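Student: I'm new to this one. Can you show me how to read its strands and its pocket?

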Amino acid sequence: MSRTFPYQQVDVFAPTPFNGNGLAVVFAAEGLSTDQMQDFARWINQSETIFFVPPSDSRADYAIRIFAPSTELPFAGHPTLGAAHAWLEAGGQPANPEQLIQECPAGLIDVRIEREPSNTHLRRLAFLAPPLTRSGPLEEDILQWAMGGLGLQPEDVIAHQWLVNGPNHVGLMLRDADVVLSIEPDWVALEGLEVGVIGPYTAASIPMGSWQSRESVLPRLAGTREELRPLDASDLQRSEERFAAVVVQPPADFEARAFVPSEFIPEDPATGSLNAGFGQWLTEAALAPQRYTVRQGTRVGRAAILHVEHDEAGVWVGGDVVTRIEGHVSFDAK
């Protein structure tokens, strides 16, 4: 005998279809045990799965539990935005029409509505970053562990910090987006760490929709006789897309990546909690402006965009969210 529950999959931080981070959503899940929730999260194999449960705090509009494939999390960013969107799509009515209050094991999280959906159901939401539970520079052995697993040199790292707000993120700011994109992680060496990296787009960085090594951006090497040869028609046909990429604006202010070797999805396509931590650290340290954008997921075939803003309330992390799948999921009765 089984019970069925309303189910959605939503695309978070996705300005274009299927380019964000997918989230599995199970409604009215108070009848499920923790083991059932964890088993489903492992089986569905999304970065996270959320389950709506009754709130215990009267100030909350709704409450969720958040599961990665291997463990329950007290807080996570893209599940927070995905949950808010799914709750509104299901007919939820917040006490404040412009802002929701979510309850999760980490406490109450404010979520503001920045743009209502059009006929595509695309909604822009932002959550207020919770306080970091651990911050400060990394210990030397942790820094060397992270750099060794990512193949980084000392000159690649501008600054480093603990960014713990649920997940145990180790954060590295790198010298530019090109370094971020060029990382080839050693997953065995990284086992036991959760590492996030971020780097700014500069004139030397790669302003392309999909990643290529810097050497492949132009058809000829600078400083050679070949560079001085006049272009012919074959050059233009072969290089049209590459030359166009050189003159367009960078896709965002920063590029970020998140490595979680212990999970079934070792590189996360878009990480709200990590970027919340980066936003708190970098804006307060004057390493980033008070408002900026981040692209993430490039090396895993995504093009997620996250909007970060520091105002009088704190740091907000926002993005576009849309429902992609609706239906029901069955669980065996226990």
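Tutor: Happy to, and keep in mind that this is a predicted model. Let's begin with strand E14 (residues 291-296) and strand E15 (residues 304-311), which pair in the antiparallel sense over six bridges.

Student: Which residue in E15 is the bridge partner of Arg 295?

Tutor: That's Ile 305. Here's a general idea to carry along: side chains in a regular strand alternate between the two faces of the sheet.

Student: How many bridges join E15 to strand E16?

Tutor: Five, and E15 and E16 (residues 314-332) run antiparallel. Find His 310 and you'll see Val 315 of E16 standing opposite. A hairpin links E15 to E16, with two residues in between.

Student: Okay, on to the pocket. How much space lies in the largest pocket?

Tutor: About 340 Å³.

Student: Which residues lie nearest its centre?

Tutor: Look for Glu 48, Leu 73, Glu 194, Val 260 and Glu 263, which are part of a lining of 27 residues. Three elements each give two or more residues to that lining: strand E5 (72-73), helix H2 (77-89) and helix H8 (272-284).

Student: Which element gives the largest share of the lining?

Tutor: H2 does, with three residues.

Student: And what does the lining of the largest pocket look like by class?

Tutor: You can sort the lining into twelve polar, ten nonpolar and five charged residues. Glu counts as charged, so Glu 48, Glu 194 and Glu 263, all among the residues nearest the centre, belong to the charged class. Leu 73 and Val 260 go with the nonpolar ones.

Key. Residues are numbered from 1 along each chain as its sequence is written. This is a predicted model: local features need pLDDT of at least 70, side-chain atom pairs count only at pLDDT 80 or more; totals for chains, interfaces and linings use all residues. Side-chain values use heavy atoms; hydrogens and water are left out. On a 1 Å grid over the protein atoms alone, a cavity is a set of points where a 1.4 Å probe fits but cannot get out, and a pocket is an open set with protein on both sides within 12 Å along at least five of seven lines; lining residues have an atom within 4 Å of a point. Grid points are joined across faces, edges and corners, and a volume is the space filled by probe spheres set on the points. Helices (H or I, at least four residues) and strands (E, at least two) are DSSP runs, numbered from the N terminus. Two strands pair if DSSP finds at least two bridges between them.
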